[in-house]
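Here's a short set of exercises to work through with the viewer open. Try each task yourself before reading the solution under it.

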Amino acid sequence: MTDDRIESLVREAATAFRPDVATRDVARARLFGDDEAEVLEKRERHRRRIPTIWRLASAASFILLLGAIGAYVFWPSQLTLADVQAALEDVEWVHIKYDHGDEWWWNVPRQLSARKSPDGYHVFIDYVAGKRWGYHAGASEQRWIHQDTVQSYDIGTTAWDRIVGHVEDRANLPPERGVWVEASPVVLEGRPTIRFDTYRTDPLDKVFLFEQLWADPAARLPIKIRQKLDAAWRRHLDLNMEFVTGYYDFPDSGPESIYDLGVDPSTPITEAAEGPAPENVLAILEQVERSALSFPSRYRHVTWNTEAVFILHWDGVVTKQSNPYWLDIEGVNYRWQHYFNLNGLDEESKPYHLPLPAAAGDVLAWASNQVPISVTLQTDDRTFQQSGPLPDHFVDADEVDVLIRHGARSSPMLSNYQWPVQLLWPTTCGENPARITVLQEVEGVPDGQIVLRSGAGGWRSDYYIDPTRDFICVRETSWRRDHDGEWVRSRERWLEDFAQLPTGHWYPTQRREWMRASSERGKDRAWITHISIKLLDESDLPDELFDIDVLVEKARELGATIETF
Amino acid sequence: MREANVADASQIDFERLFDEHFDDVYAYITFRLAPQADAAADLAQDVFHRAMRSDARLRTGASARAWLIEIARNCVTDHLRSRVRRNHHVDRFSDLAGHEGVEEPGEERVDRALRVGQIIRELSDRFATVLEDKYILGLTVEQIAQRRGETAKAVESALSRARDAFRTAWRGIEAREEGASSCETLR
């Protein structure tokens with residue numbers, strides 16, 4: 001880099017951020033008492049301090065802005081959200097298309113909703129009929145449209161409720177909720193608009209711009225929305241954008257079925273079982289759920305195999321609340337750490353290799369000298385997820401990403417049966433009892449075991465329940481339908497070598513798994529994972545274990561990239 | 001209403017001064033504060049307030065722009081010292097482009113400016129100041145030396161070492177970003 005280049009960079013940097021007209025006018029007004037700009041200054045000052053200014057954009061503000069941006073032939077004397085609401089009363093179809101590919105339609109008077117998601121998911125919902133049709137363009141199995149019932153969901157009674165009402169709701173929240181809305185007249189692509197900015201407070205107590213909604217004071221309709229993209233969604237779509245922008249339009253017609261979203265009309269529909277579950281299924285599920293809810297609430301769960309080690313510390317009571325398909329973990333603290341067990345022969349892998357067989361004590365001793373490659377910590381009000389650093393010889397080994405989010409989760413963000421409750425009683429985690437049946441006379445099933453089958457569309461699962469061991473699912477077989485419509489076994493899992501906790505609860509010390517190759521040229525995989533569960537006392541869980549701020553501090557020391565939404 | 005404590009004669013000059021240099025002052029402050037540049041507009045006004053109250057310095061021979069930028073530098077320093085962990089502050093990093101108050105300078109330019117700002121903040125005060133004196137205030141080596149009461153040779157030496165430090169820091173950031181970029185590709 002030459003001296004001239006440095007000069008050019010520094011000069012450019014010092015002049016990169018030019019003020020806009022309004023900022024300059026406000027400064028001028030404050031310094032030199034320009035009368036017109038004084039009003040603008042007043043607007044600017046209040047814009048920052050007053051959380052809700054819905055009835056703004058007075059004639060004076062607009063006239064000032066008019067002066068600043070040039071001549072406009074027509075300008076309405078006033079615009080309130082009530083005006084926008086009135087304009088939306090007669091709107092039937094609302095359509096929005098975002099720049100990352102997401103596309104939505106709503107017909108609120110008829111209670112219809114449709115979406116084409118950038119990840120290939122298509123959905124059409126008729127809330128009056130209580131039906132939903134879903135289709136995934138990227139699914140590997142045969143293409144199916146999955147039809148099921150949809151739980152009641154308030155999408156409002158007019159387009160206003162659907163696309164602007166949420167902004168008003170936020171504006172009416174008390175300040176302690178950390179959400180507020182500011183409104184200001186701005187020029188958008190050469191036309192005068194009012195912009196409603198929603199600010200939120202992130203889990204590290206920093207304020208961030210969450211959403212901006214532009215409305216047209218002439219047509220009195222929303223024009224554009226800019227929303228901060230949730231980090232998890234951004235990663236899911238592999239998007240390198242922090243905000244997405246969508247433009248509204250109000251077409252005369254919209255999709256009347258999922259086929260109108262571009263799904264091939266020949267795609268068959270599979271209908272999920274509806275209505276109440278059979279009595280014999282409910283009786284079994286009740287026993288299963290009772291066992292899951294009675295499982296101890298404070299423990300350490302360690303699992304290890306030839307590739308990885310996982311350590312979970314759990315403290316909290318699992319309950320059954322409003323969701324019919326999930327257990328609730330509100331108020332639970334848990335911390336989950338994932339370590340690589342590198343079993344390569346090269347020298348660089350050796351420091352990260354856990355020799356097997358190993359007892360739980362050996363694993364913990366080994367892990368105490370390792371750095372986890374990912375950490376998830378959930379408390380009752382925040383969730384912390386860290387990925388990295390990796391072992392030294394990996395590419396970008398020292399890269400550390402952290403995501404911190406508000407709020408408790410309804411279920412743990414743990415994969416591959418890392419949560420004992422999900423491992424032992426998988427039907428309590430997302431299964432709809434209405435689609436479960438009891439299979440009779442299944443070949444090779446030990447006496448006394450019960451086999452439940454659940455499924456819809458192109459997949460199904462069989463659960464082998466052992467009533468003699470706390471109704472634990474000791475075997476699970478997953479099936480998928482291939483392109484010829486035949487069912488093929490895709491994955492299987494067995495829980496084995498059972499032991500009992502001091503409380504008498506059963507748990508497996510080994511999980512054996514098999515998975516079909518994803519392609520004909522690939523190889524099936526089979527592996528064994530060892531399991532240890534130890535009940536803990538409160539004194540076994542130091543405060544620091546569940547302290548997110550401590551982890552944030554450590555992550556900062558590692559130079560982590562920290563995202564908070 | 002005009003401010004009572006500003007004389008009419010000088011006010012005319014200051015209005016002209018404002019019109020000619022406000023953008024530069026604001027841009028400099030935003031650059032120095034970024035990514036937390038929410039106070040830039042207030043500080044830019046403060047620069048002109050200070051200038052109006054010390055108009056004698058305008059006759060020192062320095063260019064008006066350099067003089068205002070120097071005041072702005074002091075304002076930024078004072079502000080950074082006083083910004084001791086506030087309850088809330090707006091992270092304007094994502095906000096600089098497209099937010100009211102700042103015209104959109106283009107993503108690449110923003111990135112470069114933020115990167116330069118980061119380097120300047122991480123350099124020692126002596127190196128940062130000499131680079132700013134030279135490239136932002138537009139002073140000659142002799143003028144810098146005169147202001148500091150140093151020899152021109154000492155200033156040249158400081159400037160040379162400041163550039164080396166700048167290069168090293170720039171390469172470090174580039175290396176980190178390349179690492180991040182290749183990781184993104186792998187994902």
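The exercises below go from ground rules and confidence to helices, cores, strands and unusual backbone angles.

**Ground rules**

This is a predicted model, where local features need pLDDT of at least 70, side-chain atom pairs count only at pLDDT 80 or more, and totals for chains, interfaces and linings use all residues. Residues are numbered from 1 along each chain as its sequence is written, chains are lettered from A and ligands numbered from 1 in the order in which they are written, and side-chain values use heavy atoms, with hydrogens and water left out.

**Exercise 1. Find out how far the predictor trusts chain B and the complex.**

Step 1: start with the chain average. Chain B has a mean pLDDT of 69, with 66% of its residues at 70 or more; pLDDT is the predictor's confidence in each residue, from 0 to 100.

Step 2: look for the weak stretches. Residues 84-105 of chain B have a pLDDT below 50, yet the model gives this stretch 64 contacts beyond near neighbours in sequence (contact: heavy atoms within 4.5 Å). Residues 181-187 of chain B also stay under 50, with eight contacts beyond four places in sequence.

Step 3: check the complex scores. The predictor assigns an ipTM of 0.75 and a pTM of 0.60.

**Exercise 2. Describe the overall build of chain B.**

Step 1: count the elements. Chain B has seven helices and zero strands, where helices (H or I, at least four residues) and strands (E, at least two) are DSSP runs, numbered from the N terminus.

Step 2: ask how much is covered. Of the 187 residues in chain B, 47% are buried (buried is under 20% relative accessible area, exposed over 50%, partly exposed in between, with a 1.4 Å probe and protein chains only).

Step 3: check the contact range. Among contacts in chain B with a separation of 6 or more, 67% link residues 24 or more positions apart.

**Exercise 3. Locate the largest nonpolar core and a second one.**

Step 1: pick the hubs. The largest nonpolar core holds 61 residues, and the members touching the most others are B:Ile29, B:Phe31, B:Val47, B:Val116 and B:Phe166. Such a core is a set of buried Ala, Val, Leu, Ile, Met, Phe, Trp, Tyr and Cys residues joined through side-chain atoms within 4.5 Å.

Step 2: find the main contributor. Helix H1 (residues 8-33) of chain B gives this core its largest share, 10 residues.

Step 3: find the other core. Apart from the largest core lies another of 45 residues, including A:Trp336, A:Cys429, A:Tyr464 and A:Ile465.

Step 4: zoom in on one hub. Leaving out residues up to four places away in sequence, B:Val47 touches B:Val25, B:Ile29, B:Leu68, B:Ile71, B:Ala72 and B:Cys75.

**Exercise 4. Why do the buried residues of H6(B) lie on the same side?**

Step 1: list them. In helix H6 (residues 141-148) of chain B, the buried residues are B:Val141, B:Ile144 and B:Ala145.

Step 2: take the arc. They lie on the same side of H6(B) because they cover an arc of only 100 degrees around the axis, taken from the directions from the helix axis to the C-beta atoms.

Step 3: recall the geometry. An α-helix has 3.6 residues a turn, so residues three or four places apart point the same way.

Step 4: flip the helix over. The face turned away from the buried side of H6(B) carries exposed B:Glu142 and B:Gln146.

Step 5: follow the chain onward. Just after H6(B), B:Gly149 has a positive phi of about 70 degrees.

**Exercise 5. Work out the neighbours of strand E18(A).**

Step 1: check its cover. Five of the six residues of strand E18 (residues 401-406) of chain A are buried.

Step 2: take one partner. Strand E17 (residues 382-387) of chain A pairs with E18(A) in the antiparallel sense over six bridges (pairing needs at least two DSSP bridges), and A:Phe384 has A:Ile404 as its bridge partner.

Step 3: take another. Strand E26 (residues 561-563) of chain A pairs with E18(A) in the parallel sense over three bridges, with A:Val402 opposite A:Ile562.

**Exercise 6. Pick out unusual backbone angles in chain A.**

Step 1: set the baseline. Most residues other than glycine have a negative phi, and most peptide bonds are trans.

Step 2: find cis bonds. A:Leu356 and A:Pro357 are joined by a cis peptide bond with omega about 5 degrees. Another cis peptide bond joins A:Gly388 and A:Pro389, with omega about 0 degrees; A:Pro389 sits in the loop between E17 and E18 of chain A.

Step 3: find positive phi. A:Glu441 has a phi near 50 degrees and is exposed at 81% relative accessibility. A:Asp497 has a positive phi of about 50 degrees, lies in strand E23 (residues 487-500) of chain A, and is partly exposed at 48%.
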